[in-house]
Amino acid sequence: MEKEKIIAKIKELGVVAVIRGKDAEDGIKISEACIKGGVTAIEVAFTTPGAQETIKVLADKYKDNPEVVIGAGTVLDPETARIAMLNGAEFIVSPSINLETIRLCNRYRVACMPGTTTLDGVVMALEAGADIIKIFPGEIVGLKMIKAIKGPLPQAQLMPTGGVTVENVAEWLHAGCVAVGAGGSLTGAAKTGDFAKITATAIEFVNAVKAARQ
């Protein structure tokens, strides 16, 4: 799928599932549970052992499904980004800004979402050509930071991760974020193997986003 369509789909969905599995198989199960519940933007974190395997399995399975977009998270360098791309990742998310990673993504026209907690970082990411800027950790900088950034930089497309829940997702979106990243608040039930709970929570997130945008 073209880069612009990937970005548009993520913004349309409004929530990205951050997947941190104990291994590749666990990552696949968690991802499938999220997709079943309607959270079809999947960010497989490279803290998952065998993350590239998870990405490849999911990318191959859903390559003909325009509703599902598979990406990689916790990408710290261009080497990891390229591994993710070669295994089918359609977007790259980082907790920090690595200019070489952004350049690599732009070279191959893959959506890039570097992370920062500062106004300077947002400006740097924009100048480097980032598509969406991850505000991380969201629970530390808070909603006031989003509003502060959007004041001088209304053109910045922001996606907070960390501290995002079903209960507060509307606040983040109303503050001006184009989407949110949901980790433990969405996938926490994986620790006990309750994948049905993950699906139920995904449905709640989808409904919360819809309600916020009405």
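## Overall picture

Of the 214 residues in this chain, 55% are buried, where buried means under 20% relative accessible area, exposed means over 50%, and partly exposed is in between (1.4 Å probe, protein chains only). What you're looking at is a predicted model, in which local features need pLDDT of at least 70, side-chain atom pairs count only at pLDDT 80 or more, and totals for chains, interfaces and linings use all residues. Residues are numbered from 1 along each chain as its sequence is written, and side-chain values use heavy atoms, with hydrogens and water left out.

The chain's secondary structure adds up to 10 helices and nine strands; these are DSSP runs numbered from the N terminus, with helices being H or I of at least four residues and strands being E of at least two. The radius of gyration is 16 Å, close to the 17 Å that the globule rule gives for 214 residues, so the chain is as compact as a globular protein of that length. That radius is taken over C-alpha atoms, and the rule is 2.2 Å times the number of residues to the power 0.38. Along its principal axes, the C-alpha trace spans about 45 × 35 × 30 Å.

## Contacts, surface and charge

Take the contacts in the chain with a separation of 6 or more: 58% of them are between residues 24 or more positions apart. A contact here means heavy atoms within 4.5 Å.

On the outside, the accessible surface comes to about 9,300 Å², and carbon and sulfur atoms own 54% of that. Areas come from the Shrake-Rupley method with a 1.4 Å probe, and for residues only the protein chains shown count as cover. As for charge, there are 23 positive and 24 negative side chains, and the centres of the two sets lie 3 Å apart. Lys and Arg count as positive and Asp and Glu as negative, while His and the chain ends are not counted. Each charge is placed at NZ of Lys, CZ of Arg, CG of Asp or CD of Glu.

## Helix α5 and its neighbours

Helix α5 runs over residues 99-107, and Thr101, Ile102, Leu104 and Cys105 are buried in it. These four cover an arc of only 160° around the axis, which puts them on the same side of α5; the arc is that of the directions from the helix axis to the C-beta atoms. The buried residues of α5 pack against α4 (78-86), β4 (91-93), β5 (111-113) and α6 (119-128).

Just along from there, Arg109 sits in the loop between α5 and β5. Arg109 isn't a glycine, yet its phi is positive, about 55°. With 45% relative accessibility, Arg109 counts as partly exposed.

## A few spots to look up

Thr74, in the loop between β3 (69-73) and α4, is another non-glycine residue with a positive phi, near 55°. Thr74 is buried, at 18% relative accessible area. Thr116 belongs to strand β6 (residues 115-116) and is buried too, at 8% relative accessibility. Leaving out residues up to four places away in sequence, Thr116 touches Pro95, Ile97, Gly121, Val122, Ile133, Lys134, Ile135 and Phe136.

Phe136 also has a cis peptide bond to Pro137, with omega near -5°. Pro137 lies in the loop between β7 (133-135) and α7 (138-150). Finally, there's Gly184 in helix α9 (residues 184-187), which counts as exposed at 56% relative accessibility. Gly184 and Val18 are 166 residues apart along the chain, but their C-alpha atoms are separated by 8.0 Å.
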